[in-house]
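Visitor: Please take a close look at a single part of this model, and say what surrounds it.

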Amino acid sequence: MECTRDEGPEVPRTACFVLAAAPAHAQEASDSLASCLVDTDEVVRVEAAARLALRDDPRGDDILRGLDATNEDSPHHWLLYDVSRHRHGY
């Protein structure tokens, strides 16, 4: 959880990925992800929002709504695809 506060985007982005695998009842993991929603790096914000969505936590939904999941050229395309599949029960 401390890694979400690291400088630079790579470590917090990876921390978001790892925190998403925490047990669903681990509220601290979700709270750490939510703290990344205001990161200065867009990649970290999107990663955190998507990982929260995959944990069925709506706190990042505003960020996700602003993105085009159908744009295959987007660096977020596959992550958004995963969120869409999760939300539709696939």
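Guide: What follows goes through one helix, H5, and then the core and loop beside it in this account. This is a predicted model, in which local features need pLDDT of at least 70 and side-chain atom pairs count only at pLDDT 80 or more, while totals for chains, interfaces and linings use all residues. Residues are numbered from 1 along each chain as its sequence is written, and side-chain values use heavy atoms, with hydrogens and water left out.

Helix H5 spans residues 77–87; helices here are DSSP runs of H or I with at least four residues, numbered from the N terminus. Its buried residues are His77, Leu79, Leu80 and Val83, where buried means under 20% relative accessible area (1.4 Å probe, protein chains only). They lie on the same side of H5, because they cover an arc of only 165° around the axis, taken from the directions from the helix axis to the C-beta atoms. H3 and H4 are among what covers these residues. After H5 comes Gly89, with a positive phi near 75°.

Leu64 is in contact with Leu80, Val83 and Arg87, among others, leaving aside neighbours within four places in sequence; contact means heavy atoms within 4.5 Å. Leu64 and Leu37 touch the most other members of the largest nonpolar core, which has 19 residues. Such a core is a set of buried Ala, Val, Leu, Ile, Met, Phe, Trp, Tyr and Cys residues joined through side-chain atoms within 4.5 Å. H3 gives the most to this core, with 7 residues.

Gly60 lies in the loop between H3 (42–54) and H4 (61–65). Gly60 is buried, at 0% relative accessible area, and its contacts beyond four places in sequence are Leu37, Ala49 and Leu52.

Conventions:
Helices (H or I, at least four residues) and strands (E, at least two) are DSSP runs, numbered from the N terminus. Buried means under 20% relative accessible area, exposed over 50%, partly exposed in between (1.4 Å probe, protein chains only).
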